[in-house]
Amino acid sequence: MASSMKSLFSDHSRYVESFRRFLNNSTEHQCMQQFMDEKLPGIIARIGDTKSEIKILSIGGGAGEIDLHILSKVQAQYPGVSINTEVVEPSAEQISKYKELVAKTSNLENIKFTWHKETSSEYQNRMMEKKELQKWDFIHMIQMLYYVKDIPGTLKFFHSLLATGAKILITLVSGTSGWDKLWKKYGSHLPRDDLCQCVTSSDLMQMLDKLGIKYECYDLLSTMDISDCFIDGNENGDLLWDFLTETWYFSTTAPPDLKAEIMKDLQEPEFSVKKEGRVLFNNSLSFIVAEA
């Protein structure tokens with residue numbers, strides 16, 4: 001690995017911008033919304049039965065767009081029932097955006113929000129110090145397990161917080177996605193960071209099997225348009241390169257032979273499809289639902 005290559009996470013604003021470009025160039029959020037619209041109503045159909053209040057825990061709630069989509073489905077299933085939602089999110093910036101979104105969204109009268117600026121492990125430690133653990137009717141962990149050090153321990157802990165009939169929803173990149181191939185083949189050549197783990201739904205299902213937790217997995221196709229990555233000096237392409245490789249200014253700091261090899265691979269069918277002259281990276285997502 002070239003000494004000039006460093007982790008993208010060492011520069012927060014560059015990471016945030018590359019993540020924004022990823023969302024703009026991918027069907028990530030559309031794919032999640034499709035799942036929420038088509039599958040989620042059936043999954044949450046019984047979580048609030050006979051309850052005067054539904055308790056929902058969001059781990060890594062981000063800026064809240066997906067959270068509010070989930071909450072709208074719970075409201076539709078249980079009209080008028082009080083919902084108590086707690087959000088665990090380590091970024092103050094994201095919490096601030098989440099609060100702004102809540103302030104300008106209508107029909108949230110029956111929902112009480114509480115935000116905790118902490119990581120999932122900080123939340124876990126804080127809860128463990130209490131004598132009695134709060135139980136939840138629905139817990140969701142959307143695209144956040146990459147940032148957890150002890151994934152099996154985290155799964156076991158949050159699963160233990162489920163009330164009777166409750167469910168936990170976990171979203172991760174699919175084991176069939178291009179990410180899986182990219183990480184396996186090039187992970188050792190790229191700067192690794194303690195902050196982020198290369199984990200896919202295949203890894204997660206093995207962990208759940210070992211823990212003896214029952215689950216169902218739904219895979220949905222999502223793509224990321226990486227065509228700009230093949231245009232030299234293209235700003236959007238450079239930021240997408242950073243996101244793909246989790247490397248700060250990958251385009252200019254990577255050894256040319258490594259960049260050429262990844263560039264060639266990214267156009268292969270196991271990584272991407274070519275459609276109408278565009279290169280669409282396989283960003284498929286898995287939605288894993290475990291029950292109490």
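## Helix packing and odd phi angles: worked exercises

The axes of helix 8 and helix 12 come within 12 Å of each other, crossing at roughly 150°. Keep in mind that this is a predicted model, and let's work through it.

**Exercise 1.** Work out how helix 8 and helix 12 are oriented, and which residues meet between them.

*Solution.*
- Step 1: Two numbers describe a packed pair of helices, the angle between the axes and the distance between them. Here those are roughly 150° and within 12 Å.
- Step 2: Angles over 145 degrees count as roughly antiparallel. Helix 8 and helix 12 are therefore roughly antiparallel to each other.
- Step 3: For handedness, helix 8 passes helix 12 in a right-handed crossing.
- Step 4: Now the residues. Helix 8 brings L182, K185 and Y186, which meet L258, E261, I262 and D265 of helix 12. Sorted by class, this contact has four nonpolar, no polar and three charged residues.

**Exercise 2.** Do the same for helix 7 (residues 151-160) and helix 9 (residues 201-211): find how their axes cross, then list the residues that meet.

*Solution.*
- Step 1: The two axes come within 10 Å and cross at roughly 60°. That makes helix 7 oblique to helix 9.
- Step 2: The crossing of helix 7 over helix 9 is right-handed.
- Step 3: On the helix 7 side you'll find I151, P152, L155 and K156; they meet L204, M207, L208 and L211 in helix 9. By class, that contact has seven nonpolar, no polar and one charged residues.
- Step 4: Does the spacing look familiar? Residues three or four places apart point the same way, because an α-helix has 3.6 residues a turn.

**Exercise 3.** Stay in helix 7 and pick F157: is this residue buried or exposed, and which residues is it in contact with?

*Solution.*
- Step 1: F157 sits in helix 7, and with a relative accessibility of 6% it counts as buried.
- Step 2: Skip the neighbours within four places in sequence, and F157 is in contact with Y123, Q124, M127, M128 and L133.
- Step 3: As a distance check, take S82, 75 residues from F157 along the chain: the C-alpha atoms of the two are separated by 26 Å.

**Exercise 4.** Explain why helix 10 (residues 235-245) is described as largely enclosed, and look at both of its ends.

*Solution.*
- Step 1: Ten of the eleven residues of helix 10 are buried, so the helix is largely enclosed by the rest of the structure. Among the buried ones are W241, F243 and D242.
- Step 2: The enclosing pieces are helix 1 (12-25), helix 8 (178-186), strand 7 (223-225), helix 11 (250-253), helix 12 (256-265) and strand 9 (278-282), against which the buried residues pack.
- Step 3: At the start of helix 10, the backbone nitrogen of N236 has a side-chain oxygen of N234 within 3.0 Å.
- Step 4: After the helix comes E246, with a positive phi near 55°.

**Exercise 5.** Place Q143 and E276, two residues with positive phi, and decide for each whether it is buried or exposed.

*Solution.*
- Step 1: Most residues other than glycine have a negative phi. Q143 has a positive one of about 50°, and E276 has a positive one near 50°.
- Step 2: Q143 lies in the loop between strand 4 (136-142) and helix 7, while E276 lies in the loop between strand 8 (272-275) and strand 9.
- Step 3: Buried means under 20% relative accessible area, exposed over 50%. Q143, at 17%, is therefore buried, whereas E276, at 77%, counts as exposed.

Definitions and conventions: Residues are numbered from 1 along each chain as its sequence is written. This is a predicted model: local features need pLDDT of at least 70, side-chain atom pairs count only at pLDDT 80 or more; totals for chains, interfaces and linings use all residues. Side-chain values use heavy atoms; hydrogens and water are left out. Axes are lines fitted to C-alpha atoms, for helices over the stretch in contact, and angles run from 0 to 180 degrees between N-to-C directions. Helices (H or I, at least four residues) and strands (E, at least two) are DSSP runs, numbered from the N terminus. Angles under 35 degrees count as roughly parallel, over 145 as roughly antiparallel, 65 to 115 as roughly perpendicular and the rest as oblique. A crossing is left-handed if the near helix is turned anticlockwise from the far one by less than a right angle, and right-handed if clockwise. Contact means heavy atoms within 4.5 Å. Ala, Val, Leu, Ile, Met, Phe, Trp, Tyr, Cys and Pro count as nonpolar, Asp, Glu, Lys and Arg as charged, and the others, Gly among them, as polar. Buried means under 20% relative accessible area, exposed over 50%, partly exposed in between (1.4 Å probe, protein chains only). A polar contact is a pair of N or O atoms within 3.5 Å; within protein, one must be able to donate a hydrogen and the other to accept it, and residues adjacent in sequence count only if both atoms are side-chain atoms.
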